[in-house]
Amino acid sequence: MYLARKWNEIMGPKDERLEAQENKTVKASAYILLVGSLVSLYYGILLDQVSRTTEHPVLTPLGESVVPVQWPLTFTILAAGFVAIAMQIRAGYFSPYTRIAGVDRIPWGYVSLMALVCGVVLGLLTSVMRVLAEIQIVGVDNVAWLGDFAIGIVFFGMGFVLGFLFTAVAIREAINRRRELECEIEE
């Protein structure tokens, strides 16, 4: 709660028009996520059902899946995210907070902070999930702690760089689109 309150203090109030547009964006991406997740889950259930009734294992002796359920689910999540960002940029904003919504230049401090958050979340998530997976598969005694930590550092770097680039490009495109919309209104 403290961090959320502090964030709202720093970012300032929300623009009601932009908040309404953000609600439309979230609604559209939520529908994509819901439908895609349900289809992926249903596909996984049917894979398991067909595997059991035909007595053919889904996993081959090499451990390869027929069509992994994770791929449709991954594409669903990416599509929902890209649709939300594209709708925001098309509307000419990146954030409903007035401090970011009205900028004329890329706020590099904000971009760096968002990239840092992306990197930290991705690095920690990767390390923790790898450790949990290794504990399940090889046991706690055989976990490669340093290797998992090193992979987390690599993913932190990738998350930071990609977060920095994507955030900066998205904000630049939103600024350009907002300028186009303002020119159309003036004419």
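This passage describes the fold, helix packing, core, cavity, pocket and selected residues of a predicted model.

The secondary structure of the chain consists of six helices and zero strands, so that the order of elements from the N terminus reads α-α-α-α-α-α. The chain has 187 residues, of which 26% are buried. Among contacts with a sequence separation of 6 or more, 81% join residues that stand 24 or more positions apart.

The packing of two of these helices was examined in terms of their axes. Two packed helices are described by the angle between their axes and by the distance between the axes. For helix α3 (residues 70-91) and α6, the axes come within 7 Å and cross at roughly 35 degrees. On the α3 side the contact is made by Ile85, Ile89, Arg90 and Ala91, and on the α6 side by Ala170, Glu173, Ala174, Arg177 and Leu181. By class, the residues of this contact comprise six nonpolar and three charged, with no polar residue.

The largest nonpolar core was considered next. In soluble globular proteins, nonpolar side chains tend to be buried together. In the present model the largest nonpolar core contains 13 residues, and the members that touch the most others are Phe94, Tyr110, Val111 and Ile171. Helices α5 (108-138) and α6 each supply at least two residues of this core, and α6 gives the most, with five residues. Beyond the residues up to four places away in sequence, Val111 touches Ile106, Phe164, Thr167, Ala168 and Ile171. One of these partners, Thr167, is placed in helix α6. Thr167 has a relative accessibility of 10% and therefore counts as buried, the limit being under 20%. With neighbours within four places in sequence left aside, Thr167 is in contact with Phe94, Val111 and Met114. Phe94 and Val111 are thus partners of Thr167 and are also among the core residues that touch the most other members.

The structure holds one cavity of 30 Å³ or more, and about 50 Å³ of space lies in the largest cavity. Its lining is formed by Gly92, Tyr93, Phe94, Ile100, Ala101, Val103, Ile171, Ala174, Ile175 and Arg178. Two elements, α4 (98-101) and α6 (145-186), give two or more residues to this lining, and α6 gives the most, with four residues. The lining residues divide into eight nonpolar, one polar and one charged. Several of these residues recur in other parts of the analysis: Phe94 and Ile171 line the cavity and are among the residues of the largest nonpolar core that touch the most other members, whereas Ala174 lines the cavity and takes part in the contact of α3 with α6.

The largest pocket has a volume of about 1200 Å³. Its lining comprises 31 residues, and those that lie nearest the centre of the pocket are Gly81, Phe82, Ile85, Cys118 and Phe166. Helices α3, α5 and α6 are the elements that give two or more residues to the lining of the pocket. By class, the pocket lining has 23 nonpolar, seven polar and one charged residues. Ile85 is one of the residues nearest the pocket centre and also belongs to the contact between α3 and α6.

Three further residues illustrate local environments in the helices. Glutamine 88 is found in helix α3. At 11% relative accessibility, Gln88 falls under the 20% limit and therefore counts as buried. Apart from residues up to four places away in sequence, Gln88 touches Glu22, Thr25, Tyr93 and Phe94. Of these partners, Tyr93 and Phe94 are included in the lining of the largest cavity.

Isoleucine 32 is located in helix α2 (residues 16-54). Its relative accessible area of 30% lies between the limits of 20% and 50%, so Ile32 is partly exposed. When neighbours within four places in sequence are excluded, Ile32 is in contact with Thr76, Ala79, Ala80 and Val83. Ile32 and Ala84 are 52 residues apart in sequence, with a C-alpha to C-alpha distance of 9.9 Å.

Isoleucine 151 lies in helix α6. With a relative accessible area of 28%, Ile151 is likewise partly exposed. Its contacts, leaving aside neighbours within four places in sequence, are with Thr126 and Arg130. Ile151 and Ser127 are separated by 24 residues in sequence and by 6.7 Å in space, from C-alpha to C-alpha.

Key:
Residues are numbered from 1 along each chain as its sequence is written. This is a predicted model: local features need pLDDT of at least 70, side-chain atom pairs count only at pLDDT 80 or more; totals for chains, interfaces and linings use all residues. Side-chain values use heavy atoms; hydrogens and water are left out. On a 1 Å grid over the protein atoms alone, a cavity is a set of points where a 1.4 Å probe fits but cannot get out, and a pocket is an open set with protein on both sides within 12 Å along at least five of seven lines; lining residues have an atom within 4 Å of a point. Grid points are joined across faces, edges and corners, and a volume is the space filled by probe spheres set on the points. Ala, Val, Leu, Ile, Met, Phe, Trp, Tyr, Cys and Pro count as nonpolar, Asp, Glu, Lys and Arg as charged, and the others, Gly among them, as polar. A nonpolar core is a set of buried Ala, Val, Leu, Ile, Met, Phe, Trp, Tyr and Cys residues joined through side-chain atoms within 4.5 Å. Buried means under 20% relative accessible area, exposed over 50%, partly exposed in between (1.4 Å probe, protein chains only). Contact means heavy atoms within 4.5 Å. Axes are lines fitted to C-alpha atoms, for helices over the stretch in contact, and angles run from 0 to 180 degrees between N-to-C directions.
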